[in-house]
Amino acid sequence: RRRVTSGVKPGEEGKPVEPTVDDQNILLAESLYKKGDLQGALALFKAVLETDDQPYRAWEQALNIQLLLKEYKDVIKTADAALSIYPNQAILYYFMALAQHKDHQDVTALTTVKSALQLDPENGIYLELYGDLLFLTGDKAAALMHWKKAKCTGNGSEKLNRKINEGKYLE
């Protein structure tokens, strides 16, 4: 019989695993983010990604910060790089679509948010953005339908309710 092990060497079962430098930088970056130092946090997340492109958390946080800083062209580049590693993460497509929309690339953003919805079709945030983009590209009836779908998923923000009630896009 073969014995299945946890991968821990005999005698090391109780020893704590030391965090890597990248783990420490991610924790520090998250701390800076919470304190409002977005530039400092972004620099650390980017440093982590330069040494190891696998930490998904670093990709997601870097994108979030770039959006907050309104660095839309950088968001698009970063999301594209992240998607080359994590092609099945709907949130990455959402971040990219949101940046494309903010960068006045609504037709491209419409295609990108469709990719997010293919991976997560019941996500109310993605459905709302899809409705926004449909409205802005001229399909007002489909926009209203998707805003209503977004509301049915539990996304009941005041802004979404106003879009539905007034039948128009609100910035």
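# Notebook: pocket, core and helices

I began with the largest pocket, where helix 5, helix 7 (124–136) and helix 9 (158–166) each supply at least two residues of the lining. I note here that I am working from a predicted model, and that every value below is computed from that model. The space in this largest pocket comes to about 220 Å³. I counted 15 lining residues, and those nearest the centre of the pocket are Tyr-94, Leu-98, Asp-132, Lys-159 and Lys-163. Sorting the lining by character, I found 6 nonpolar, 3 polar and 6 charged residues.

Still on helix 9, I looked up Glu-166, which is placed in that helix. I entered Glu-166 as partly exposed because its relative accessible area is 40%, which falls between the 20% and 50% limits. I also took the C-alpha separation of Glu-166 and Leu-144, which is 9.8 Å for two residues 22 apart along the chain.

Next I turned to the largest nonpolar core. Which residues touch the most other members of this core? Among its 51 residues they are Phe-45, Leu-67, Leu-92, Val-113, Tyr-126, Leu-129 and Trp-147. Helix 5 gives the most to this core, and its share is 9 residues. As background I wrote down that nonpolar side chains tend to be buried together in soluble globular proteins.

From the core I followed Phe-45 into helix 2. I checked the length of helix 2 (residues 38–51) against expectation: its 14 residues should span 20 Å at 1.5 Å a residue, and the end C-alpha atoms are indeed 20 Å apart, so the two agree. The buried residues in helix 2 are Gly-40, Ala-41, Leu-42, Leu-44, Phe-45, Val-48 and Leu-49, and I found that the buried residues of this helix pack against helix 1 (21–34) and helix 3. Reading those positions, I kept in mind that an α-helix has 3.6 residues a turn, so residues three or four places apart point the same way. Setting aside neighbours within four places in sequence, I listed the contacts of Phe-45 as Ile-26, Ala-29, Glu-30, Ala-58, Gln-61, Ala-62 and Ile-65.

One of those partners, Gln-61, I then examined separately. Gln-61 is found in helix 3, and I recorded this residue as buried because its relative accessible area of 19% is under the 20% limit. Beyond four places in sequence, Gln-61 is in contact with Glu-30 and Phe-45.

In helix 3 I also looked up Gln-66. Is Gln-66 buried or exposed? At 1% relative accessibility I count Gln-66 as buried, because the limit is under 20%. Away from its sequence neighbours within four places, Gln-66 is in contact with Leu-42, Lys-46, Glu-71, Asp-74, Val-75 and Thr-78.

I moved on to helix 6, which has 14 residues and reaches 20 Å from its first C-alpha to its last, close to the 20 Å expected at 1.5 Å a residue. The buried residues of helix 6 are Asp-106, Ala-109, Leu-110, Thr-112, Val-113, Ala-116 and Leu-117, and what covers the buried residues of this helix includes helix 5 and helix 7.

Asp-106, in helix 6, seemed worth an entry of its own. I noted Asp-106 as buried because its relative accessible area is 19%, with the limit set at under 20%. Leaving out neighbours within four places in sequence, I found Asp-106 in contact with Gln-100, His-101, Leu-133, Leu-136 and Thr-137. For the last of these I also noted the backbone distance: the C-alpha atoms of Asp-106 and Thr-137 are separated by 7.0 Å, although the two residues are 31 apart along the chain.

I finished with the phi angles in two loops, recalling that most residues other than glycine have a negative phi. Where does Lys-70 lie? I found Lys-70 in the loop between helix 3 (56–68) and helix 4 (72–85), with a phi near 60°, a positive value in a residue other than glycine. Lys-70 goes down as exposed because its relative accessible area is 59%, over the 50% limit.

His-104 lies in the loop between helix 5 (90–102) and helix 6 (106–119), and I noted its positive phi of about 65°, although His-104 is not a glycine. I entered His-104 as exposed as well, because its relative accessible area of 73% is over the 50% limit.

Note on methods: Residues are numbered from 1 along each chain as its sequence is written. This is a predicted model: local features need pLDDT of at least 70, side-chain atom pairs count only at pLDDT 80 or more; totals for chains, interfaces and linings use all residues. Side-chain values use heavy atoms; hydrogens and water are left out. Helices (H or I, at least four residues) and strands (E, at least two) are DSSP runs, numbered from the N terminus. Buried means under 20% relative accessible area, exposed over 50%, partly exposed in between (1.4 Å probe, protein chains only). The expected span of a helix is 1.5 Å times one less than its number of residues. Contact means heavy atoms within 4.5 Å. On a 1 Å grid over the protein atoms alone, a cavity is a set of points where a 1.4 Å probe fits but cannot get out, and a pocket is an open set with protein on both sides within 12 Å along at least five of seven lines; lining residues have an atom within 4 Å of a point. Grid points are joined across faces, edges and corners, and a volume is the space filled by probe spheres set on the points. Ala, Val, Leu, Ile, Met, Phe, Trp, Tyr, Cys and Pro count as nonpolar, Asp, Glu, Lys and Arg as charged, and the others, Gly among them, as polar. A nonpolar core is a set of buried Ala, Val, Leu, Ile, Met, Phe, Trp, Tyr and Cys residues joined through side-chain atoms within 4.5 Å.
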